[in-house]
Amino acid sequence: MTSSLRVRWRFSLGSLLALVSVVAVCAALYAARHRALQAQERAFRAIPAKGGLILVYPEGTQIILHPQYVVCAERATKVINPIEKPTDFTDADLHLLDHIIGLNHVNFAGSAVTEKGQAEFTSRHKNCHTAQ
């Protein structure tokens, strides 16, 4: 009587391989996203030390490298203010902006980034608006 109620699970080597492959792909995607978020957090710590203001909105991230005016951050989900005595943001620091997920605006006004550096940044980030 107990043998009729027992369900036997059978699997083949092919189905085991498929299951392991799906789990591996999911784990790789998760790891890639986690590494990208870690790199963004490192950039979020370094940019304010260089005088940048970071505003994260639902539609993307804006960075003002040398804020000279009051910014309305009413809709921002995250605001990171620059430190009190920052060092200059230069061409050598532009690599930090490459790690920002959803970067859609950078204001270079007042920073030490050259026109050549701005042009290189613009060529790498076609969908990001820039201001001087």
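## Salt bridges, a helix face and a surface patch

The count of salt bridges comes to 4. This is a predicted model. Side chains of opposite charge can pair when their charged atoms come close. Three of the pairs are set out here, one per row.

| Salt bridge | N to O distance |
|---|---|
| K78 and E41 | 3.3 Å |
| K50 and D93 | 3.5 Å |
| R124 and D98 | 3.3 Å |

### The pairs one by one

Take K78 and E41, whose side chains meet in a salt bridge. This pair links distant parts of the chain. K78 sits in strand 3, residues 78-80, and E41 in helix 2, with their positions 37 residues apart in sequence. How accessible is K78? K78 has 31% relative accessibility, so K78 counts as partly exposed. E41 is also given 31% relative accessibility, and therefore counts as partly exposed.

Next come K50 and D93, with their closest N and O atoms 3.5 Å apart. K50 lies in the loop between helix 2 and strand 1 (53-57). D93 lies in the loop between strand 3 and strand 4. The pair therefore ties together parts that are 43 residues apart in sequence. Is D93 buried or exposed? D93 is buried, because its relative accessible area is 10% and the cut-off for buried is under 20%. Its partner K50 has a relative accessible area of 25%, so K50 is partly exposed.

The third pair is R124 with D98, the closest N and O atoms being 3.3 Å apart. R124 belongs to helix 3, while D98 is in the loop between strand 3 and strand 4. So this bridge ties together parts that are 26 residues apart in sequence. R124 counts as partly exposed because its relative accessibility is 42%. D98 is partly exposed too, with a relative accessible area of 36%.

### Helix 3

Helix 3 covers residues 115-124. Which of its residues are buried? They are G117, Q118 and F121. Seen down the helix axis, these buried residues fall within an arc of 100 degrees, so they line one face of helix 3. An α-helix has 3.6 residues a turn, so residues three or four places apart point the same way. What covers the buried residues of helix 3 includes strand 4 (103-107) and strand 5 (129-131). On the other side of helix 3, E115 and K116 are exposed.

E120 is also found in helix 3. E120 has 38% relative accessibility and therefore counts as partly exposed. How far is E120 from H95? The two are 25 residues apart in sequence and 11 Å apart in space, C-alpha to C-alpha.

### Helix 2 and the nonpolar patch

Helix 2 runs over residues 13-49 and holds L19. L19 is exposed, because its relative accessible area is 53% and the cut-off for exposed is over 50%. L19 is one of the residues that make a nonpolar surface patch. The others in this patch are F11, L13, L16, V20 and V23. The patch has an area of about 650 Å².

A39 is placed in helix 2 as well. A39 counts as buried because its relative accessibility is 10%. A39 and F89 are 50 residues apart in sequence. In space, A39 and F89 are 18 Å apart, C-alpha to C-alpha.

### T61 in strand 2

T61 has its place in strand 2, residues 60-64. T61 counts as buried because its relative accessibility is 3%. What does T61 touch, leaving out residues up to four places away in sequence? Its contacts include I54, L55 and V56. They also include I100, I101, G102, L103, N104 and H105.

### Cysteines

How many disulfides does the structure hold? The number is 0. A disulfide is a covalent bond between the sulfur atoms of two cysteines. C26 has 47% relative accessibility, so C26 counts as partly exposed. C128 is buried, because its relative accessible area is 7%.

Methods: Residues numbered from 1 in each chain as written. Predicted model: local features only at pLDDT ≥ 70, side-chain atom pairs only at ≥ 80, totals over all residues. Heavy atoms only, no water. Disulfide = S-S within 2.5 Å. Buried < 20%, exposed > 50% of the residue type's maximum accessible area, 1.4 Å probe, protein only. Helix = DSSP H or I, 4+ residues; strand = E, 2+ residues; numbered from the N terminus. Arc of directions from axis to C-beta. Contact = heavy atoms within 4.5 Å. Patch = residues over 30% accessible without salt bridge, like charges linked within 9 Å, V, L, I, M, F, W, Y side chains within 5 Å. Areas by Shrake-Rupley, 256 points an atom, 1.4 Å probe, with all protein chains shown as cover.
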